[in-house]
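Please read the following report alongside the sequence and the model. It takes up a surface patch, a helix, a buried residue, charge pairing and model confidence in turn.

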Amino acid sequence: MKKTLKTIVIMLAVVIVGAVIFIPVMASQTSDKDSAAAVSVSETDSTDAAETQITITDASAQAAEKSGKATAAAIAVGLAAAAGAIGMGVAIAKSVEGVSRQPEAHGKIQTMLMLGLVFIETAIIYALIVAILIIFVL
């Protein structure tokens, strides 16, 4: 039981760390592409039309940047929540199985289960914090 739970926790940690690393990179690349497009369009237009074109391009670049950030945040929270739910479900199933095999160890199994669930939930909350930082800071 400990080996299976340890494997699940390690897999969950790898998924969350991968999401935490991948999502901000994806969000920053989206904003870099959009700002580069805005600069290239404004340099090729005439002076009168350039001001209008810059305004339109800046607005579309900002909208695309917000869209990229929202997508990145949604993927980060979605992956963390899905992986956490799977990990919690497996942990609870294994603890129920352990209690049914050894009812006298109920207290120890319950304590270890609660500790594991707290760690899994903490990882999900960290993913939520990263998603909030992606939206408001990047």
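## A nonpolar surface patch

Helix α3 gives the most to the nonpolar patch, with eight residues. In this predicted model, the patch on the surface is formed by V77, I125, Y126, L128, I129, I132, L133, I135, F136 and V137, and together these residues have about 970 Å² of accessible area.

One of the patch residues, I125, lies in helix α3. I125 counts as partly exposed because its relative accessibility is 42%, a value that falls between the limits of 20% for buried and 50% for exposed.

## Helix α3: span and buried residues

Helix α3 covers residues 106–136, and its length can be checked against the expected rise. With 31 residues at 1.5 Å a residue, α3 should span 45 Å, and the end C-alpha atoms are indeed 45 Å apart, so the expected and modelled spans agree.

The buried residues of this helix are I109, L113, L117, I120, A123, I124, A127, V130, A131 and I134. Two members of that list, I109 and L113, are in contact with S95 when the neighbours of S95 within four places in sequence are left aside.

## S95 in helix α2

S95 belongs to helix α2, which runs over residues 47–101. Is S95 buried or exposed? With a relative accessible area of 7%, S95 is buried, because the cut-off for that class is under 20%.

## The salt bridge

Side chains of opposite charge can pair when their charged atoms come close. The structure holds one salt bridge, formed by E97 with R101, whose closest N and O atoms are 3.0 Å apart. Both E97 and R101 lie in helix α2, where they are four residues apart, or about one turn of the helix.

The two partners fall into separate accessibility classes: E97 is partly exposed, with a relative accessible area of 33%, whereas R101, with a relative accessible area of 65%, is exposed.

## Confidence in the model

The protein chain has an average pLDDT of 77, and 70% of the residues score at least 70. Among the elements of the chain, helix α3 has the highest mean pLDDT, at 92, whereas helix α1, residues 2–44, has the lowest, at 62. Over residues 34–42 the pLDDT is below 50, although this stretch has 11 contacts in the model beyond near neighbours in sequence.

Terms used. Residues numbered from 1 in each chain as written. Predicted model: local features only at pLDDT ≥ 70, side-chain atom pairs only at ≥ 80, totals over all residues. Heavy atoms only, no water. pLDDT = per-residue confidence, 0-100. Contact = heavy atoms within 4.5 Å. Buried < 20%, exposed > 50% of the residue type's maximum accessible area, 1.4 Å probe, protein only. Expected span 1.5 Å × (residues − 1). Patch = residues over 30% accessible without salt bridge, like charges linked within 9 Å, V, L, I, M, F, W, Y side chains within 5 Å. Areas by Shrake-Rupley, 256 points an atom, 1.4 Å probe, with all protein chains shown as cover. Salt bridge = Lys/Arg side-chain N within 4 Å of Asp/Glu carboxyl O.
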